[in-house]
Amino acid sequence: MGIGTDLATVMEGVSASVAALSGLVLEDASLASGTGAGADVDVWRRRYGLCLERLELVARLEAQLAAVKARDVAEAVEVQHALLPLAAPVHERTYAEISAVEEIAGVLTISSGAAGALVEQSRRACSLPPVFEALAAGAVSWQHARIVADETDGLTPAVAAGLVAHFFDPDAPNPARGAAPGDLVPSRFRAKVRAWRERHHPESLEKRHVKGVADRRMDYAPDRDGMAWVSLYLPGDTACAIWNRSTATARGLQSPAEPRTVTQLRADVAASLLLGAGNTTAAGEAARSTGDIGKVPVPRADVLVTVPVFSLLGLTDEPAVLDGFGPIPASMARGLVAGGAESFYRVLVDPRDGAPLEIGRTRYRLPETIKKWIRLRDRKCTFPGCTNNTADNDTDHLNPWHHGGRTDVRNLAQVCPRHHRLKHHSTWVPDPATPNEPPGWTSPTGRHYKPEQADPQPTHWPPGTLPASTSALPVRFLAEQADIEDLPQWEPDDANLIDLDDLPPEDPVRAEFFAKPFVLSV
């Protein structure tokens, strides 16, 4: 691992970032003193823009310095090994590495465990040239690079290289769609990387799931202020069902007289269901706080299960995708679909490219069909960086109804309540959507954020069945082929489904919505 050229190139980028940052600081100082602004310059708006530009440069500089740090950490251990004789026994090399790790821990003032993890992550990041180059250029953060290092652990070199190429090489076969890795918040990037990993892991998800089920457990951890954490490690479908039932029951308990949030109610509901009715003081308190759970009207909590056709038929073990969770074993998906779980909606995908074919349903109702299609396309709130994928998200008109916006998939998108209000109270502007792609967004300062798109992969075909040509396959159902624009226009017919864009400014319902406090998350 050569330190010369790589590190010299990184340091050139660091120097350029520092110089650009210094220039912005000097410009801001001149504006603050009143000497650097012309008559036509809005000083406060420009200073706001300078703050954002400096933040962008600082983020780039942090990534570049993280590349220097990762290179030095990996190089330090390698040099320590080079100091030993070629014939040094294994135990000497082991202790030499332990010694280097401990010294790195001392220099960085971190624990030995943290230093050992940093060494392993740095080695893997530096061994994947596209990842290290993106980090050194400031295109991704150390968090993104660490995610790739973690998720490639245990993969063969060929599979690891395929994962890196998929996300970092736009010329690779079937590259990742939508926003670049560095434009995704780390949690969303990890979800996409993990989904790819689950499909291409050398050991099938079915086998790994069997091992994981054996490790199921409940953990308890006391916390401060008289509180504690209780967590469950369960199969994904079971955990998803617990979460959905608790959430749906919490929503059923909400009323104008109920001061608790959904988050608080969800915890109270779970405690009440676990403890039972009044067996202990704690159980009685939980029951009193939630009322009679059995009498609460529980809204339906629909969950989409995206299943490859061949997987549903049992011809392959290709993983399915559980909405809000991620990849699940094919056997689990088949059980959900065949077991009569009414809250789970089957979504079949095309064996050629992984695109949706149809959404299973027992009745045809246009508003619900469109909403499920939007939910399948968007997966979550489409606002940049938002990870809200709950049923509380609104199906919003991108171009308001009263401004001529149509009610079809090209003008609809999922937006969480918080960002729905922000859209109406600011100049954040969504792009038009497409039948298969969510909208991007443009900020008040003109920065454009690409949409985070689903990343469908070509499905796994049963051995010996892949046709020489796919032209004879049935045409998949796509929104544009079904020409949803020609479907009858609809209006929400439930009070809980009113779209604010359909209401005139003087409508009291609209006024009530915007009277709600706008709370920023901490």
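User: How many salt bridges does the count come to in this structure?

Analyst: The count comes to 26 salt bridges. Keep in mind that this is a predicted model.

User: Let's take one. What makes Asp 28 and Arg 54 a salt bridge?

Analyst: Their side chains meet with N to O at 3.2 Å. The rule asks for a side-chain nitrogen of Lys or Arg within 4 Å of a carboxyl oxygen of Asp or Glu, so the pair qualifies.

User: Where in the chain do the two partners sit?

Analyst: Asp 28 is in helix 1 (residues 4-33) and Arg 54 is in helix 2, 26 residues apart, so this pair links distant parts of the chain. Helix 2 itself covers residues 43-82.

User: Why is Arg 54 called buried?

Analyst: Arg 54 has a relative accessible area of 18%. Buried means under 20%, so Arg 54 gets that label.

User: And why does Asp 28 get called buried?

Analyst: Same kind of check: the relative accessible area of Asp 28 is 11%, and the cut-off for buried is under 20%, so Asp 28 counts as buried.

User: Which residues is Arg 54 in contact with, leaving aside its neighbours within four places in sequence?

Analyst: Those are Leu 21, Leu 24, Val 25 and Asp 28. Asp 28 is also the salt-bridge partner of Arg 54.

User: What about Glu 53, what makes its pairing with Arg 46 a salt bridge?

Analyst: The closest N and O atoms of Glu 53 and Arg 46 are 2.9 Å apart. The limit is within 4 Å, so the pair passes.

User: Why is Glu 53 called partly exposed?

Analyst: Glu 53 comes out at a relative accessible area of 24%. Buried stops under 20% and exposed starts over 50%, so Glu 53 falls in between. Arg 46, at 26%, is partly exposed too.

User: How do you know that Arg 190 and Asp 150 form a salt bridge?

Analyst: Their side chains meet at 3.6 Å, N to O. That is within 4 Å, so the pair counts. This pair also links distant parts of the chain, with Arg 190 in helix 8 (residues 186-200) and Asp 150 in helix 6 (residues 142-152), 40 residues apart.

User: Are Arg 190 and Asp 150 buried, exposed or partly exposed?

Analyst: Arg 190 is at 25% relative accessibility and Asp 150 has a relative accessible area of 26%. Partly exposed lies between the 20% and 50% cut-offs, so both fit.

User: Which residues are linked in a network of salt bridges?

Analyst: Arg 124, Asp 150, Glu 151, Asp 153, Arg 190, Arg 194 and Arg 197 are linked in that network.

Methods
Residues numbered from 1 in each chain as written. Predicted model: local features only at pLDDT ≥ 70, side-chain atom pairs only at ≥ 80, totals over all residues. Heavy atoms only, no water. Helix = DSSP H or I, 4+ residues; strand = E, 2+ residues; numbered from the N terminus. Buried < 20%, exposed > 50% of the residue type's maximum accessible area, 1.4 Å probe, protein only. Contact = heavy atoms within 4.5 Å.
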